[in-house]
Amino acid sequence: MKQTVRIIGGQYRGKKLHFPDIDGLRPTPDRVKETLFNWLMHDIRGARCLDAFAGSGALGFEAFSRGAERIVFVESSAKAYNSLKQVASSFNSNKLFVVNTEAETYFQQNVESFDIIFLDPPFAKNYLPQCLDSLAHSNLLVTGGLVYIESAEKQLLDSSCWLEKKYKRAGQVHYGLYEKIAN
């Protein structure tokens with residue numbers, strides 16, 4: 001049985017997105033998504049966004065619906081990647097790009113810069129420290145750019161590289177928005 005999430009705001013509000021049932025894939029809950037995009041309301045329009053560990057693509061498609069200029073979805077699972085390609089094609093837009101690779105590989109090989117990066121890796125893996133270190137010491141995220149982090153516990157980020165803008169907890173989900181202040 002296919003799983004669904006819906007876009008909660010913007011041009012495609014109410015559109016349902018189907019994604020496969022994959023172990024460990026847990027889309028961002030609507031109330032967390034609503035809070036995040038309230039935080040981003042002044043930053044999302046025209047932004048270049050990267051949805052790393054895209055999974056269902058809920059965050060990237062929500063950003064697109066709310067006016068982001070370009071969205072790159074990075075997903076390593078072939079099943080999730082194929083689903084993302086199918087959903088992206090349903091928007092008939094040249095602003096959505098789906099890449100089938102590991103997020104860490106993409107971080108090391110990519111030369112494009114982004115204004116906003118969504119980091120919501122599988123909770124069972126410990127990908128965040130390495131990802132944040134890569135982002136802090138590369139041009140993947142522009143200085144002044146924002147990274148959204150979702151995890152099973154609050155992350156302690158290097159204050160010489162990151163400024164905490166917002167942080168909340170909803171049940172077992174800790175999430176926050178951080179500004180890159182140094183390279």
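1. Helix H5, residues 128-136, is a good place to start in this predicted model. Its buried residues are Leu128, Cys131, Leu132, Leu135 and Ala136. These residues lie on the same side of H5, because the arc they cover around the axis is only 135°.

2. What lies over that side of the helix? The cover for the buried residues of H5 includes one helix, H4 (103-109). Strands contribute too, among them E6 (114-119), E7 (141-151), E8 (162-170) and E9 (173-180).

3. You may also like to look at Glu62, which sits in helix H2. Is Glu62 buried or exposed? Its relative accessibility is 0%, so Glu62 counts as buried, the cut-off being under 20%.

4. Now for the surroundings of Glu62. Leaving aside residues up to four places away in sequence, Glu62 touches Arg6, Ile7, Ile8, Gly9, Lys33 and Phe37. Take Ile8 from that list: Glu62 and Ile8 are 54 residues apart in sequence, yet their C-alpha atoms are 7.2 Å apart in space.

5. For anyone thinking about pockets, the largest pocket holds about 550 Å³ of space. It is lined by 31 residues, and those closest to its centre are Gly24, Leu25, Phe53, Glu75 and Pro122.

6. Which elements supply at least two residues each to the lining of the largest pocket? Strand E3 (48-52), helix H2 (58-65) and strand E4 (70-75) each do so. Helix H2 is thus worth a second look, as the helix that also contains Glu62.

7. Finally, the chemistry of the lining of the largest pocket: 16 of its residues are nonpolar, 8 are polar and 7 are charged.

Notes: Residues numbered from 1 in each chain as written. Predicted model: local features only at pLDDT ≥ 70, side-chain atom pairs only at ≥ 80, totals over all residues. Heavy atoms only, no water. 1 Å grid on protein atoms, 1.4 Å probe; cavity = no way out; pocket = protein on both sides within 12 Å on 5 of 7 lines; lining within 4 Å. Points joined across faces, edges and corners; volume = space filled by probe spheres on them. Helix = DSSP H or I, 4+ residues; strand = E, 2+ residues; numbered from the N terminus. Nonpolar A, V, L, I, M, F, W, Y, C, P; charged D, E, K, R; others polar. Buried < 20%, exposed > 50% of the residue type's maximum accessible area, 1.4 Å probe, protein only. Contact = heavy atoms within 4.5 Å. Arc of directions from axis to C-beta.
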